[in-house]
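Notebook open, structure loaded. I want to look up how the helices pack, how confident the model is and what the cysteines are doing.

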Amino acid sequence: AECDGNDKKIFYRMVQGGTVKENVYVYRSHDEIQRHVRFCQYLQRVEEDARHFSRLKQVLIHEDPFDIKKYTEKKLFFIQMLEKKIETECAMHADQR
């Protein structure tokens, strides 16, 4: 198990023959699970951001496929940017109720 650096989740990676086969995250709180679900739902709705995020992850994983901490740190800015968009979207929906 590797901690991803923010102490909110534990990251497990299964590697076979030098290839990453599975990534599993164990969250420490219900709030983190909700945040992750909202993030995934957003990416399912907003294809352009999903494509950009996917491309970023592909580039980063090719830089150093076995340094999960570096990979996580380098994608953090983009994730935070998307989370701000999601918060704004949620606030707008709450105001409409």
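Before the packing, a note to self: axes are lines fitted to C-alpha atoms, for helices over the stretch in contact, and angles run from 0 to 180 degrees between N-to-C directions.

Entry 1, α1 and α3. This is a predicted model, and I looked up helix α1 (residues 30-45) against helix α3 (residues 68-96). I get an angle of about 90° for the pair, and their axes are 10 Å apart. Angles of 65 to 115 degrees count as roughly perpendicular, so I log α1 and α3 that way. On the α1 side I find R35, R38, F39, Y42, L43 and R45, which meet I79, L82, E83, K85, I86, E89 and C90 of α3. By class I get 7 nonpolar, no polar and 6 charged residues in this contact.

Entry 2, α1 and α2. Here I read an angle of about 110°, with the axes 5 Å apart. This pair is therefore roughly perpendicular too. I see F39, Y42, L43 and R45 of α1 in contact with E47, D49, A50 and F53 of α2. I sort them into 5 nonpolar, no polar and 3 charged residues.

Entry 3, cysteines. I searched for disulfides and got 0. I also checked exposure: C40 is partly exposed at a relative accessible area of 30%, and C90 is partly exposed at 36%.

Entry 4, confidence. I have a mean pLDDT of 83 for the protein chain, with 86% of its residues at 70 or more. Among the elements, I note strand β1 (residues 2-3) as the lowest, with a mean of 46, and helix α2 (residues 47-63) as the highest, with 94.

Technical notes:
Residues numbered from 1 in each chain as written. Predicted model: local features only at pLDDT ≥ 70, side-chain atom pairs only at ≥ 80, totals over all residues. Heavy atoms only, no water. Disulfide = S-S within 2.5 Å. Buried < 20%, exposed > 50% of the residue type's maximum accessible area, 1.4 Å probe, protein only. pLDDT = per-residue confidence, 0-100. Helix = DSSP H or I, 4+ residues; strand = E, 2+ residues; numbered from the N terminus. Parallel < 35°, antiparallel > 145°, perpendicular 65-115°, else oblique. Contact = heavy atoms within 4.5 Å. Nonpolar A, V, L, I, M, F, W, Y, C, P; charged D, E, K, R; others polar.
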